[in-house]
Amino acid sequence: MTASPPQRYLIALGANVRHARHGAPAAVLRAAVRALAAQGLAVEAVSPTIASAPLGPSRRRYANAAAIVAGDLMPPALLRLLQQIELDFGRVRRGQRWRARTLDLDVILWSGGVWRQAPRTAPALRIPHPEYRKRTFVLTPAAAIAPGWRDPETGLRIKHHNARLTRRTPRPR
(Lines give C-alpha, C1' and ligand atoms only; values in the text may rest on other atoms or scores of the structure.)
Protein backbone atom coordinates (compact mmCIF):
# COMPACT_ATOMS: atom_id res chain seq x y z
CA MET A 1 0.00 0.00 0.00
CA THR A 2 1.43 3.37 -1.00
CA ALA A 3 0.85 6.60 0.84
CA SER A 4 -1.11 9.23 -1.00
CA PRO A 5 0.89 12.26 -2.12
CA PRO A 6 0.52 15.36 0.03
CA GLN A 7 -2.13 17.90 -0.83
CA ARG A 8 -0.60 21.15 -2.09
CA TYR A 9 -2.27 24.52 -1.75
CA LEU A 10 -1.67 28.07 -2.87
CA ILE A 11 -2.62 30.35 0.02
CA ALA A 12 -3.10 34.13 -0.20
CA LEU A 13 -2.09 36.10 2.90
CA GLY A 14 -3.18 39.61 3.74
CA ALA A 15 -3.02 41.97 6.71
CA ASN A 16 -3.57 45.67 7.28
CA VAL A 17 -3.69 46.01 11.06
CA ARG A 18 -0.71 46.11 13.38
CA HIS A 19 -0.55 43.14 15.78
CA ALA A 20 0.48 43.74 19.40
CA ARG A 21 3.01 40.89 19.39
CA HIS A 22 4.05 40.54 15.74
CA GLY A 23 4.13 44.20 14.70
CA ALA A 24 3.38 45.78 11.33
CA PRO A 25 1.26 43.94 8.73
CA ALA A 26 4.29 42.60 6.80
CA ALA A 27 5.62 41.09 10.04
CA VAL A 28 2.17 39.61 10.70
CA LEU A 29 2.41 37.77 7.38
CA ARG A 30 5.83 36.36 8.28
CA ALA A 31 4.45 35.22 11.65
CA ALA A 32 1.46 33.62 9.88
CA VAL A 33 3.81 31.60 7.66
CA ARG A 34 5.60 30.38 10.81
CA ALA A 35 2.19 29.47 12.28
CA LEU A 36 1.36 27.40 9.19
CA ALA A 37 4.61 25.49 9.61
CA ALA A 38 4.03 25.07 13.35
CA GLN A 39 0.71 23.38 12.52
CA GLY A 40 2.51 20.71 10.51
CA LEU A 41 2.21 22.11 7.00
CA ALA A 42 5.30 22.04 4.82
CA VAL A 43 5.87 25.59 3.60
CA GLU A 44 7.36 25.06 0.14
CA ALA A 45 7.55 28.68 -1.02
CA VAL A 46 6.70 32.18 0.14
CA SER A 47 6.43 35.18 -2.16
CA PRO A 48 7.81 38.62 -1.48
CA THR A 49 5.35 40.88 0.34
CA ILE A 50 3.67 43.62 -1.66
CA ALA A 51 1.59 46.62 -0.60
CA SER A 52 -1.88 47.11 -2.03
CA ALA A 53 -4.85 49.43 -1.76
CA PRO A 54 -7.76 48.12 0.31
CA LEU A 55 -11.06 46.84 -1.08
CA GLY A 56 -14.19 48.13 0.57
CA PRO A 57 -14.39 50.46 3.57
CA SER A 58 -10.94 49.98 5.07
CA ARG A 59 -8.57 52.92 4.53
CA ARG A 60 -5.36 51.14 5.54
CA ARG A 61 -3.08 49.68 2.89
CA TYR A 62 -2.59 45.93 2.94
CA ALA A 63 0.50 43.79 3.03
CA ASN A 64 -0.09 40.80 0.74
CA ALA A 65 1.85 37.64 -0.02
CA ALA A 66 1.30 34.08 -1.18
CA ALA A 67 2.58 30.74 0.06
CA ILE A 68 2.59 27.19 -1.23
CA VAL A 69 1.95 24.70 1.55
CA ALA A 70 1.67 20.93 1.55
CA GLY A 71 0.22 18.44 3.98
CA ASP A 72 -2.26 15.64 4.45
CA LEU A 73 -5.28 17.90 5.04
CA MET A 74 -8.19 17.89 2.63
CA PRO A 75 -9.69 21.31 1.79
CA PRO A 76 -12.31 21.54 4.58
CA ALA A 77 -9.74 20.62 7.23
CA LEU A 78 -7.25 23.13 5.81
CA LEU A 79 -9.93 25.84 5.85
CA ARG A 80 -10.65 25.12 9.53
CA LEU A 81 -6.91 25.32 10.28
CA LEU A 82 -6.56 28.64 8.43
CA GLN A 83 -9.56 30.09 10.24
CA GLN A 84 -8.13 28.98 13.58
CA ILE A 85 -4.82 30.70 12.78
CA GLU A 86 -6.74 33.86 11.83
CA LEU A 87 -8.62 33.67 15.13
CA ASP A 88 -5.34 33.18 17.02
CA PHE A 89 -4.09 36.38 15.37
CA GLY A 90 -7.17 38.31 16.50
CA ARG A 91 -9.37 38.10 13.40
CA VAL A 92 -13.03 38.87 14.06
CA ARG A 93 -15.46 37.42 11.50
CA ARG A 94 -18.50 39.55 12.13
CA GLY A 95 -19.52 43.01 11.14
CA GLN A 96 -18.72 44.83 7.95
CA ARG A 97 -17.30 42.86 5.03
CA TRP A 98 -13.79 43.79 3.84
CA ARG A 99 -12.99 45.79 6.92
CA ALA A 100 -9.49 46.16 8.33
CA ARG A 101 -8.11 42.88 9.63
CA THR A 102 -5.12 41.54 11.42
CA LEU A 103 -4.83 38.49 9.17
CA ASP A 104 -6.65 37.03 6.18
CA LEU A 105 -5.74 33.58 4.84
CA ASP A 106 -7.50 32.32 1.69
CA VAL A 107 -7.19 29.04 -0.20
CA ILE A 108 -6.67 30.04 -3.82
CA LEU A 109 -5.75 26.80 -5.61
CA TRP A 110 -5.39 23.13 -4.67
CA SER A 111 -3.39 20.36 -6.31
CA GLY A 112 -6.60 18.29 -6.44
CA GLY A 113 -8.32 20.74 -8.78
CA VAL A 114 -11.83 22.03 -8.11
CA TRP A 115 -13.59 21.84 -4.72
CA ARG A 116 -17.10 22.95 -3.94
CA GLN A 117 -18.39 22.70 -0.39
CA ALA A 118 -22.13 22.72 0.23
CA PRO A 119 -23.37 26.28 0.91
CA ARG A 120 -25.06 25.18 4.17
CA THR A 121 -21.70 25.71 5.84
CA ALA A 122 -20.50 29.22 6.45
CA PRO A 123 -18.46 30.30 4.67
CA ALA A 124 -18.78 27.89 1.75
CA LEU A 125 -15.39 26.76 0.48
CA ARG A 126 -14.76 27.13 -3.23
CA ILE A 127 -11.50 26.24 -4.92
CA PRO A 128 -10.32 27.93 -7.05
CA HIS A 129 -11.13 31.02 -5.01
CA PRO A 130 -13.98 32.69 -6.94
CA GLU A 131 -12.40 36.18 -7.04
CA TYR A 132 -8.65 35.55 -7.35
CA ARG A 133 -8.49 36.11 -11.11
CA LYS A 134 -9.59 39.75 -10.59
CA ARG A 135 -7.11 40.62 -7.84
CA THR A 136 -3.59 41.79 -8.58
CA PHE A 137 -2.79 41.64 -4.85
CA VAL A 138 -3.31 37.86 -5.09
CA LEU A 139 -1.98 37.19 -8.59
CA THR A 140 1.26 39.18 -8.37
CA PRO A 141 2.58 37.34 -5.28
CA ALA A 142 1.22 34.02 -6.60
CA ALA A 143 2.96 34.50 -9.95
CA ALA A 144 6.25 35.03 -8.12
CA ILE A 145 6.17 31.53 -6.60
CA ALA A 146 3.78 29.49 -8.77
CA PRO A 147 3.77 30.97 -12.29
CA GLY A 148 3.11 27.61 -13.93
CA TRP A 149 0.32 26.43 -11.62
CA ARG A 150 -2.79 25.95 -13.79
CA ASP A 151 -6.26 27.14 -12.95
CA PRO A 152 -8.38 23.95 -13.19
CA GLU A 153 -11.40 25.88 -14.49
CA THR A 154 -9.76 27.98 -17.21
CA GLY A 155 -6.65 25.94 -17.99
CA LEU A 156 -4.58 29.13 -17.83
CA ARG A 157 -1.44 29.40 -15.75
CA ILE A 158 -1.21 31.94 -12.92
CA LYS A 159 1.34 33.93 -14.90
CA HIS A 160 -1.19 34.26 -17.73
CA HIS A 161 -3.98 35.43 -15.42
CA ASN A 162 -1.55 37.93 -13.89
CA ALA A 163 -0.42 39.18 -17.30
CA ARG A 164 -4.01 39.64 -18.42
CA LEU A 165 -4.85 41.62 -15.30
CA THR A 166 -1.72 43.77 -15.17
CA ARG A 167 -0.99 44.44 -18.85
CA ARG A 168 -1.13 48.03 -19.82
CA THR A 169 -3.13 49.18 -22.80
CA PRO A 170 -0.87 50.66 -25.45
CA ARG A 171 -1.16 54.38 -25.96
CA PRO A 172 -2.75 55.49 -29.22
CA ARG A 173 -0.33 56.93 -31.76
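The dialogue below introduces the fold, the strands and the nonpolar cores of a predicted model.

Visitor: How should the numbering and the confidence of this model be read, and what is its mean pLDDT?

Guide: Residues are numbered from 1 along each chain as its sequence is written, and side-chain values use heavy atoms, with hydrogens and water left out. The model is predicted: local features need pLDDT of at least 70 and side-chain atom pairs count only at pLDDT 80 or more, while totals for chains, interfaces and linings use all residues. The term pLDDT denotes the predictor's confidence in each residue, from 0 to 100. Here the protein chain has a mean of 87, and 84% of its residues reach 70 or more.

Visitor: How many helices and strands are there, and in what pattern do they follow?

Guide: Helices (H or I, at least four residues) and strands (E, at least two) are DSSP runs, numbered from the N terminus. The protein chain has four helices and seven strands, in the pattern β-α-β-β-β-α-β-β-β-α-α.

Visitor: Which strands pair with strand 4, and in what sense?

Guide: Two strands pair if DSSP finds at least two bridges between them. Strand 1 joins strand 4 in the antiparallel sense over nine bridges, and A12 has A66 as its bridge partner. Strand 2 (residues 42-46) is also antiparallel to strand 4, over four bridges; there A42 stands opposite A70. Strand 3 (residues 50-52) pairs with strand 4 in the antiparallel sense over three bridges, with I50 bridged to N64.

Visitor: Are the faces of strand 4 buried or exposed?

Guide: In a regular strand the side chains alternate between the two faces of the sheet. Buried means under 20% relative accessible area, exposed over 50%, and partly exposed in between (1.4 Å probe, protein chains only). In strand 4, Y62, N64, A66, I68 and A70 on one side and A63, A65, A67, V69 and G71 on the other are all buried.

Visitor: Which residues of the largest nonpolar core touch the most other members?

Guide: A nonpolar core is a set of buried Ala, Val, Leu, Ile, Met, Phe, Trp, Tyr and Cys residues joined through side-chain atoms within 4.5 Å. The largest has 28 residues, of which I11, L13, L78, I85, F89 and L103 touch the most other members. Strand 1 (7-15), helix 1 (25-38), strand 4 (62-71), helix 2 (75-88) and strand 5 (104-110) each supply at least two residues. Helix 1 gives the most, with seven. A second, separate core of 16 residues includes A66, Y132, W149 and I158.
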